[in-house]
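Student: I'd like a close look at one part of this model, please: the salt bridges and whatever they connect. Take it slowly, in one go, with the cut-offs spelled out.

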Amino acid sequence: MRVRAHALRSRNSSVQEDWSHWLPPAKAEAFDSCARQLETFYRMFSVSLNEALELRRTGNLGQSCRAVFVIPALCARFARPVEGVLHTVGDHAKHFGIIPNTAPLDFGNFRGAREQRIARINGLLSHLLLTQRSQFLHKIDTLEEMVLGIRKDFCEVACDLGSGASAEPSADWRALDDAHFDLNTCLREAIVLLKSFMVVLPDDQVGVFQKSVNEHIHARYEAVPTRRRRMALIERE
């Protein structure tokens, strides 16, 4: 166990060093542009949801339901580019054999029961996967799966609240708040992964990678689904 703990500290240290690592202009522009756009989409989603939550908290139930009805589109507009960026990073790393630093997910940074479980599994597998490359790719896949699941559930629950079809409004509003928290965690993890990836990305691949990322960020997506699927509510320890 001591060896594993030391290895974990070393990986965390490497990721922290990557975060403060200087990037040449082309890489810095690619990283900053991607992170800035994702942050913009997140703020649009977050501000709108917080306004709806505040309307409910102050007793304006009708207005809160009307406000939440438009938020699934903002959630999808934020989450789908995050999924796309993660997918692009993973595909590029696989194709070109790039091996960035990574650190396992911390289940304590998530609220949802499903997300905590997934993060625990990722932490466990970080000790079992033998190569740094396999650890990085597994974390990429884990985050992409997590964002996809949260997005779909969020949109369905928000549509139910907005249309008045929710059977448990109080529980569903809590679920939206928890999903918001976990999507924010996924965004922070994705940006940290992106920075470590940019540190080791060869200079001659920056242009191709940035083009692929921008295609995902600016892609048009179909309307969000309205079919109901219950979100897993938070399970406190």
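Tutor: Let's start with the word "buried": it means a relative accessible area under 20%, while exposed means over 50% and partly exposed is anything in between, with a 1.4 Å probe and protein chains only. One caution up front: this is a predicted model, where local features need pLDDT of at least 70 and side-chain atom pairs count only at pLDDT 80 or more, although totals for chains, interfaces and linings use all residues. Residues are numbered from 1 along each chain as its sequence is written, and side-chain values use heavy atoms, with hydrogens and water left out.

First, some background. The protein has 8 helices and 0 strands, where helices (H or I, at least four residues) and strands (E, at least two) are DSSP runs, numbered from the N terminus. Of the 237 residues, 47% count as buried. About 12,000 Å² is exposed, and carbon and sulfur atoms supply 55% of that; these areas come from the Shrake-Rupley method with a 1.4 Å probe, and for residues only the protein chains shown count as cover. Take the contacts (heavy atoms within 4.5 Å) with a separation of 6 or more: 85% of them are between residues 24 or more positions apart.

Now to your salt bridges. The term means a side-chain nitrogen of Lys or Arg within 4 Å of a carboxyl oxygen of Asp or Glu, and the structure holds 9 of them.

Start at Lys139, which is buried with a relative accessible area of 5%. Its partner is Glu189, and the closest N and O atoms are 2.9 Å apart. Glu189 lies in helix α7 and Lys139 in helix α6, so this pair ties together parts that are 50 residues apart in sequence. Glu189 counts as buried too, at 15% relative accessibility.

Stay on helix α6 and look at Asp153. This residue forms a salt bridge with Arg114, again with the closest N and O atoms 2.9 Å apart. Asp153 sits in α6 (residues 132-163) and Arg114 in α5, so the bridge joins parts that are 39 residues apart in sequence. Asp153 is buried at 2% relative accessibility, whereas Arg114 is partly exposed at 23%.

Then there's Arg111, bridged to Asp178 with the closest N and O atoms 3.3 Å apart. Arg111 belongs to the loop between α4 (71-96) and α5 (113-128), Asp178 to helix α7 (residues 169-200), and the two are 67 residues apart. Arg111 is partly exposed, at 27% relative accessible area, while Asp178 is buried at 10%. There's a further member here: Arg111, Asp177 and Asp178 are linked in a network of salt bridges.

What else touches these helices? Ile118 of α5 is buried at 16%, and it touches Thr142, Glu145 and Met146, leaving aside residues up to four places away in sequence. For Ile118 and Glu145, the C-alpha atoms are 9.5 Å apart in space and the residues 27 apart in sequence. On α7, Leu187 is buried at 0%. With the same neighbours left out, Leu187 touches Leu38, Glu39, Tyr42, Phe78 and Val82. Leu187 and Leu38 are 149 residues apart along the chain, yet their C-alpha atoms are separated by 8.0 Å.

Finally, the helix packing. Axes are lines fitted to C-alpha atoms, for helices over the stretch in contact, and angles between N-to-C directions run from 0 to 180 degrees. Under 35 degrees counts as roughly parallel, over 145 as roughly antiparallel, 65 to 115 as roughly perpendicular, and the rest as oblique. α4 and α6 pack at about 165°, with axes 9 Å apart, and are therefore roughly antiparallel. Their crossing is left-handed, meaning the near helix is turned anticlockwise from the far one by less than a right angle (clockwise would be right-handed).

Helix α2 (residues 25-57) packs on α4 at about 155°, with axes 9 Å apart, which makes α2 roughly antiparallel to α4. That crossing is left-handed. Among the residues making the contact are Leu38, Phe41, Tyr42 and Phe45 of α2, and Leu74, Phe78 and Val82 of α4. You'll recognise some names there: Leu38, Tyr42, Phe78 and Val82 are among the residues that Leu187 touches.
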